[in-house]
Amino acid sequence: MPQTKKEMVGFVCNKLTVLDEFRRVKVKGENTLRLEWKCKCECGNSVWKRGGILRKLIYKDCGHSKENKKEDTNQLAERLIDAVYGNLKIIEVLGYGKRVKCICLLCNKNTMVKKLDTLDQNSMCQECRWNINGNNKFIVPHSFMQMFLRNAKERNLDVTVDRTFLSKLFASQNGRCALSGQEIVFRYGKGRVRYTETTASIDRIDSNKPYSEDNVQWVHKHINVMKHRCSDEQFFNHCKQIYFHLKDRYESENIRQINTKEQQAA
Ligand SMILES: [Zn+2]
Ligand SMILES: [Zn+2]
């Protein structure tokens, strides 16, 4: 390690080589002077660097690698921000691209992803993953809730049920329509709920009352439209009427086969 000024000249600290030129700089807020050496970087830049730190070989270069990294990070950010992998949308690139901050589109919470190559079409935050793989595979997606609340507000309907309650209700119905017994689903695609393919809908059992804990049930969205403002019993009676009125027309063996094929194709 160089001790004297003479020994400092030509000293190599990583990509920096100390030149035969130094200056004394006043230290901010102190009454002392600091010795700085002019250095030549491998990249061609000349910079002033502190002697003590040069001697400890701490400087890597003039700062160009950091600048490059910053530039790389900016380029990476341009490519990655707003990209959606499964249910995760990238909102920030951190640590020179070592980590990305994402928003989980299922629960709307932020989550950090350390390995970019782990992102794929099944990505979601750890909490949602736990919920789906764990006890509660009936968790209602946040975006569905938002749509539901928005619609209710537009129709001036009071909502006193929350997502937790509705998820538990959905679980208690085993994910099936309360009226028809059909399985009802939330379809995820590109990180959002795809409403055209989602068949879940929340029905007010009594259409004169609000969305409250004792007045809601999960039904297939088509069933909900058909039920309109009927009570369950009125709706059932209509269905029965339709069934007896039309069964001869639709229940021949041929029609049943066609229907089955259509269902399979759907
Ligand atoms: Zn440099
Ligand atoms: Zn989540």
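These are a few friendly exercises, each with a worked solution, on a predicted model of a protein chain.

**Exercise 1. Overall build**

Task: Find out how many helices and strands the protein chain has, and work out why it is described as more spread out than a compact globule.

Solution:
- Step 1. Start with the secondary structure: the protein chain holds nine helices and twelve strands.
- Step 2. Next, look at the radius of gyration, which is 33 Å. The globule rule gives 18 Å for 266 residues, and 33 Å is well over that, so the chain is more spread out than a compact globule.
- Step 3. Now turn to the extent of the C-alpha trace: along its principal axes the trace spans about 105 × 45 × 30 Å.
- Step 4. Add the domains. The domain assignment gives domain 1 (5-62), domain 2 (66-132) and domain 3 (142-229). Between the C-alpha centres of domain 1 and domain 3 there are 68 Å.
- Step 5. Finish with burial and contacts. Of the 266 residues, 16% count as buried. If you take contacts between residues at least 6 apart in sequence, 42% of them join residues at least 24 apart.

**Exercise 2. A sheet of four strands**

Task: Work out in which order the four strands of the open sheet lie, and which strands stand at its edges.

Solution:
- Step 1. Read off the order, which is β1-β2-β3-β4, with antiparallel pairing.
- Step 2. Look for strands with a single partner. These are β1 (12-13) and β4 (46-50), so each stands at an edge and has one side left without a neighbour in the sheet.
- Step 3. Go through the pairs, beginning with β1 and β2. Two bridges hold this antiparallel pair, and Val-12 has Thr-17 in β2 as its bridge partner.
- Step 4. Move on to β2 (residues 16-26) and β3 (residues 33-41), an antiparallel pair joined by eight bridges. You can follow the pairing along the strands: Leu-16 is partnered by Cys-41, Phe-22 stands opposite Trp-37, and Val-25 stands opposite Arg-34.
- Step 5. End with β3 and β4, which run antiparallel and are joined by five bridges. Here Lys-40 stands opposite Ser-46 in β4.

**Exercise 3. Turns and positive phi**

Task: Find which residue takes a positive phi in each hairpin of β1 to β4, then compare the surroundings of Asn-14 and Asn-156: is each exposed or partly exposed?

Solution:
- Step 1. Recall a general point: most residues other than glycine have a negative phi.
- Step 2. Check the hairpin of β2 and β3. Six residues lie between its strands, and Gly-29 takes a positive phi near 75°.
- Step 3. Check the hairpin of β3 and β4. Four residues lie between its strands, and Gly-44 in the turn has a positive phi of about 110°.
- Step 4. Check the hairpin of β1 and β2. Two residues lie between its strands, and in the turn you meet Asn-14 with a positive phi of about 55°, although Asn-14 is not a glycine.
- Step 5. Look for the second asparagine. Asn-156, also not a glycine, has a positive phi of about 60°. Asn-156 sits in the loop between α5 (142-154) and α6 (163-172).
- Step 6. Count neighbours. Asn-14 has 14 other C-beta atoms within 10 Å, so it is partly exposed. Asn-156 has 6 within 10 Å, so it is exposed.

**Exercise 4. Nonpolar cores**

Task: Identify which residues have the most contacts inside the largest nonpolar core, and which element gives the most to this core.

Solution:
- Step 1. Keep a general idea in mind: in soluble globular proteins, nonpolar side chains tend to be buried together.
- Step 2. Find the largest nonpolar core, which has 13 residues. Val-140, Ala-200 and Trp-218 have the most contacts inside this core.
- Step 3. List the elements that give two or more residues to this core: α6, β11 (200-204) and β12 (216-220). With three residues, β12 gives the most.
- Step 4. Zoom in on Val-140. Leaving aside its neighbours within four places in sequence, Val-140 is in contact with Met-145, Arg-163, Leu-166, Ser-167 and Phe-170.
- Step 5. Finally, notice another core of twelve residues, apart from the largest one; among its members are Val-100, Cys-104, Cys-125 and Cys-128.

Definitions and conventions
Residues numbered from 1 in each chain as written. Chains lettered and ligands numbered in written order. Predicted model: local features only at pLDDT ≥ 70, side-chain atom pairs only at ≥ 80, totals over all residues. Domains from an automatic or database assignment. Pairing = 2+ DSSP bridges. Buried ≥ 20, exposed ≤ 12 C-beta atoms within 10 Å, placed from the backbone. Rg over C-alpha atoms; globule rule 2.2 N^0.38 Å. Contact = placed C-beta atoms within 7 Å. Core = buried A, V, L, I, M, F, W, Y, C linked by C-beta atoms within 7 Å.
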